[in-house]
Amino acid sequence: MAARGCGGVWRRALQRGPGGSCSASRPRRAVACNARGGAVPVGQSGLAPWVPVVGLEIHAQITSNSKLFSGSQVQFAAPPNSLVSFFDASLPGTLPVLNRRCVEAAVMTGLALNCTINKKSLFDRKHYFYADLPAGYQITQQRVPIAVNGSLSYSLCIDNKMSQMVTKTVRIKQIQLEQDSGKSLHDDARSQTLVDLNRAGVGLMEVVMEPDMCCGEEAAAAVRELQLILQTLGSSQAIMAEGQLRVDANVSVHHPGEPYGVRTEVKNINSIRFLTKAVDYEIQRQIKELENGGTVVNETRAFDSKLGCTVPMRDKEGKQDYRFMPEPNLPPLILYDAKSLPANVNHQQVVNIDWIHERLPDLPSVKRAKLVELYGILPEHSFTLVNEDGLMEFFEDVVKRTQMKPKKVIGWILSDLLSHLKQHSLTANESPISSFLLADLLNLLENGDISSSAAKQVFEELWKGEGKTPLEIVKEKQLELIQDQEELEQICQAVIDEREKEVMAIKEGNKKVINKLIGLVRKATRGRANPLLVKQILEKKLSE
């Protein structure tokens, strides 16, 4: 059966075919997610329902000029192994030096996520052996991380209706600082693996979310909100396409009232859209496995975006022993606030939590509330403005430069500009129509120089990016409204003379027919007649 879930609809379920491949099949049991109040299982007649549980671990690359424990530069797509210090390569005798910027970014993020900042946190060694980890261990914060016990509020729409939005909250277990590993490049054709250590040692914040979500759309909404917060703070650019935000999703299903089921981990998801698909697929896969009498294996899986399914990576039945131990080369990380800051301390050498808190920018939720209050727009419109990259700034620039009311401007921004941007996979910052040009166009419309239909034509011409101004296009295409009252009266009279049937209907009391005459006048003037003025002239002539 199909069921509404997480504001969407399960259209086609995917299942694994022979040999671990994926194939489309008829929809099986749908698992709905009630946006109003938590997980709601939806089962088939005679079958027990299921409750899905989703938790996330998110690795965000910290925006910093250098790595977490070395002075090596951080740069995306640099030539392989060109940004590697002796410490990054784990040469004997090298020692870590903690990057202050990374600490401040983690504190800032923790405060924005309502976390308690630990004034004393510890670094640990997490041991595992892989080609792109030269030391054989990762420096992380397992026992006492820098921030704990936070929360993230996010919004999602019910049944894909922007007018029906609800706010939900996911708990943040902890935020920990850790170093990234290198990157292994697998060359199957030559049966070899190459290692690039440019990424080795880059500072990461791992944000661990409690299992408070129940489907892919909730997980995606939470990650998108976190991404916006990180970008607003400047603590991470969080560009998923560049690996700056990577998501691990822990998924399980169970019957109501029973303990959580065995979970699987879907690793390294690098797209919000793929996150939605991966979580929803994995929920459905586990339900199918259990209903067919099988068991869910505690394993690590990957999402194959081409096939649209998760595939096994490695088994977790035998729990890996990471042999955590204190990092002997790093002392405890000590932070201060206004009360605990020692007298005569060098402020360059310490991190002051209160100082960072005072300088937090407006977070996305605050920006949305201010947009609604300042411009009188709908909450769902503010949500779109903030969530789309650069669109809020574009909207505010247009509002500042136009005489049109914000409630009318938002229609042009969302209905015209955004639809064109989506169609061409562009952001507002990449728009061929600048905020200056759109404001000029809207001023022409607001001042009564052109009609709304003419404004649409000008918009299309502007989108071509030929460097013309709205006024130049209007003159070139002869789109100005006819201002000559006498000329308009002559055109209206000609239409009246040609439409005796419609005129008779109006005089007999059918006032709606006048709209047809207005349309004929506008057609005769190629949209250059003001509809309100035309209506006034027609009504006057028909009453004579």
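The following exchange concerns aromatic contacts and helix packing in a predicted model.

Colleague: How many helices and strands does the protein chain contain?

Modeller: The protein chain has 15 helices and 22 strands. Of its 544 residues, 48% are buried.

Colleague: What makes F69 and F123 an aromatic pair, and why is the pair called edge-to-face?

Modeller: A search of the whole structure finds seven aromatic pairs. In the pair formed by F69 and F123, the rings are 5.8 Å apart, centre to centre, with 80° between the planes. Centres have to lie within 6.5 Å, and planes over 60 degrees apart count as edge-to-face, so F69 and F123 meet both conditions.

Colleague: Where in the chain do the two partners lie?

Modeller: F69 is in the loop between β7 (51–61) and α1 (100–112), while F123 is in the loop between β9 (120–121) and β10 (124–127). The two residues are 54 residues apart, and their pair links distant parts of the chain. F69 and F123 are both buried. Together with F87, they form one aromatic cluster.

Colleague: What is the distance from the charged end of K126 to the centre of the ring of Y322?

Modeller: The charged end of K126 is 4.5 Å from the centre of the Y322 ring and sits over that ring. The cut-off for the distance is 6 Å, so the value for K126 and Y322 falls within it. K456 likewise lies over the face of W412, at 4.4 Å from the ring centre.

Colleague: Why are helices α8 and α9 called oblique to each other?

Modeller: Helix α8 (residues 406–423) and helix α9 (residues 435–446) pack at an angle of about 130°, with their axes 12 Å apart. An angle has to be over 145 degrees to count as roughly antiparallel, and the roughly perpendicular range is 65 to 115. The angle of about 130° fits neither class, and α8 and α9 are therefore oblique. Their contact is made by K408, V409, W412 and I413 of α8 with L438, L441, L442, L445 and E446 of α9. The crossing of α8 past α9 is right-handed.

Colleague: Why is α9 described as roughly antiparallel to α10?

Modeller: α9 and helix α10 (residues 452–463) pack at an angle of about 160°, with their axes 10 Å apart. Because this angle is over 145 degrees, α9 is roughly antiparallel to α10. Here L437, L438, L441 and L445 in α9 meet S452, A455, V458, F459 and L462 in α10. α9 also passes α10 in a right-handed crossing.

How values were computed
Residues are numbered from 1 along each chain as its sequence is written. This is a predicted model: local features need pLDDT of at least 70, side-chain atom pairs count only at pLDDT 80 or more; totals for chains, interfaces and linings use all residues. Side-chain values use heavy atoms; hydrogens and water are left out. Rings of Phe, Tyr and Trp (its six-membered ring) pair if their centres lie within 6.5 Å; planes under 30 degrees apart count as stacked, over 60 as edge-to-face and the rest as tilted. Helices (H or I, at least four residues) and strands (E, at least two) are DSSP runs, numbered from the N terminus. Buried means under 20% relative accessible area, exposed over 50%, partly exposed in between (1.4 Å probe, protein chains only). A charge sits over a ring if NZ of Lys or CZ of Arg is within 6 Å of the ring centre and within 35 degrees of the ring normal. Axes are lines fitted to C-alpha atoms, for helices over the stretch in contact, and angles run from 0 to 180 degrees between N-to-C directions. Angles under 35 degrees count as roughly parallel, over 145 as roughly antiparallel, 65 to 115 as roughly perpendicular and the rest as oblique. A crossing is left-handed if the near helix is turned anticlockwise from the far one by less than a right angle, and right-handed if clockwise. Contact means heavy atoms within 4.5 Å.
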